[in-house]
Amino acid sequence: MSGTGKSTVIKELGARGYKAVDADYGGLSELVSIPAGSDRSGLGAEQDWIWREDRIADLLSTEDADVLFLSGTASNQGKFYGQFDHIVLLTAPAAVMTERLIRRSNNPYGKDPKDLARALALKQTVEPLLRRGADLEIDTSVPVDEVVVKILGVVLR
């Protein structure tokens with residue numbers, strides 16, 4: 001979910017020496033048209049972000065690290081859940097998400113009032129779906145170091 005700290009957490013994991021990939025960048029995701037009336041993304045105009053399945057499959061099949069952390073949210077991510085050892089949902093209260101989206105410097109999404117409204121609507125509609133598939137849920141309103149320690153405590157057991 002936008003504004004929950006995915007990019008910050010994945011960057012911190014990378015800084016600690018782990019292979020950490022943000023699927024929102026590097027050509028791993030794309031905006032596609034979807035059938036009329038099936039808009040699950042809140043983007044309108046029957047569009048949705050999906051993971052490039054060929055590229056995600058290549059990433060997951062590359063064995064060049066002991067651990068791979070993959071971050072991102074896409075409507076087709078569930079196709080890959082069987083290949084993950086752990087699925088972590090990062091969440092934050094709406095007020096925290098709003099503050100982060102308005103102040104973010106790495107991505108313009110959320111600064112426009114329409115984008116912000118979409119992100120908050122997705123928290124209500126999509127986050128419950130993500131919660132059902134998650135093994136662990138972490139509230140990211142705490143400092144990023146605490147979030148990373150919680151993730152590593154589960155993953156590196």
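**Close-up 1. Glu127 sits in helix 5, the run from 127 to 133.** Everything shown here and below comes from a predicted model. Is Glu127 buried or exposed? Glu127 is buried, with just 4% relative accessible area. Leaving aside residues up to four places away in sequence, Glu127 touches Met1, Leu89, Thr91 and Leu122. Glu127 also belongs to a network of salt bridges, together with Lys123, Arg131 and Glu137.

**Close-up 2. Helix 3 and helix 4 pack with their axes within 11 Å.** A pair of packed helices is described by two things: the angle between the axes and the distance between them. Here helix 3 covers residues 94–103, helix 4 covers residues 113–125, and the axes cross at roughly 150 degrees. Anything over 145 degrees counts as roughly antiparallel, and that is therefore how helix 3 and helix 4 run relative to each other. The crossing of helix 3 past helix 4 is right-handed.

**Close-up 3. Side by side, helix 3 and helix 4 meet through a set of named residues.** Which residues of helix 3 take part? They are Ala94, Met97, Thr98, Leu101 and Ile102. Across from them, helix 4 brings Leu116, Ala119, Leu120 and Lys123. Sorted by class, this contact has 7 nonpolar, 1 polar and 1 charged residues. Keep an eye on Lys123, since this helix 4 residue is also part of the salt-bridge network with Glu127, Arg131 and Glu137.

**Close-up 4. Arg16 and Asp145 form a salt bridge, one of 11 in the structure.** The closest N and O atoms of Arg16 and Asp145 are 3.2 Å apart. Arg16 comes from the loop between helix 1 (6–15) and strand 1 (19–22), while Asp145 belongs to helix 6 (residues 144–155), so the bridge ties together parts that are 129 residues apart in sequence. Both partners are partly exposed: Arg16 has a relative accessible area of 34%, and Asp145 has 42%.

**Close-up 5. Arg52 and Glu30 join their side chains in a salt bridge.** How many ångströms lie between N and O here? The value is 3.6 Å. Arg52 is in the loop between strand 3 (47–51) and helix 2 (53–61), and Glu30 is in strand 2 (residues 29–33), so this pair links parts 22 residues apart in sequence. Arg52 counts as partly exposed at 21% relative accessibility, and Glu30 counts as partly exposed at 31%.

**Close-up 6. Lys79 and Glu53 make another salt bridge, at 2.9 Å from N to O.** Lys79 lies in the loop between strand 4 (68–71) and strand 5 (88–91), and Glu53 lies in helix 2, so the two tie together parts 26 residues apart in sequence. Lys79 is exposed, with a relative accessible area of 59%, whereas Glu53 is partly exposed, at 34%.

**Close-up 7. Asp22 is a buried residue of strand 1.** Its relative accessible area is 12%. Not counting residues up to four places away in sequence, who does Asp22 touch, and which residues are they? Asp22 contacts Ser7, Ile10, Leu28 and Ser71. Take Ile10 from that group: Asp22 and Ile10 are 12 residues apart in sequence, and their C-alpha atoms are 6.6 Å apart in space.

How values were computed. Residues are numbered from 1 along each chain as its sequence is written. This is a predicted model: local features need pLDDT of at least 70, side-chain atom pairs count only at pLDDT 80 or more; totals for chains, interfaces and linings use all residues. Side-chain values use heavy atoms; hydrogens and water are left out. Axes are lines fitted to C-alpha atoms, for helices over the stretch in contact, and angles run from 0 to 180 degrees between N-to-C directions. Helices (H or I, at least four residues) and strands (E, at least two) are DSSP runs, numbered from the N terminus. Angles under 35 degrees count as roughly parallel, over 145 as roughly antiparallel, 65 to 115 as roughly perpendicular and the rest as oblique. A crossing is left-handed if the near helix is turned anticlockwise from the far one by less than a right angle, and right-handed if clockwise. Contact means heavy atoms within 4.5 Å. Ala, Val, Leu, Ile, Met, Phe, Trp, Tyr, Cys and Pro count as nonpolar, Asp, Glu, Lys and Arg as charged, and the others, Gly among them, as polar. A salt bridge is a side-chain nitrogen of Lys or Arg within 4 Å of a carboxyl oxygen of Asp or Glu. Buried means under 20% relative accessible area, exposed over 50%, partly exposed in between (1.4 Å probe, protein chains only).
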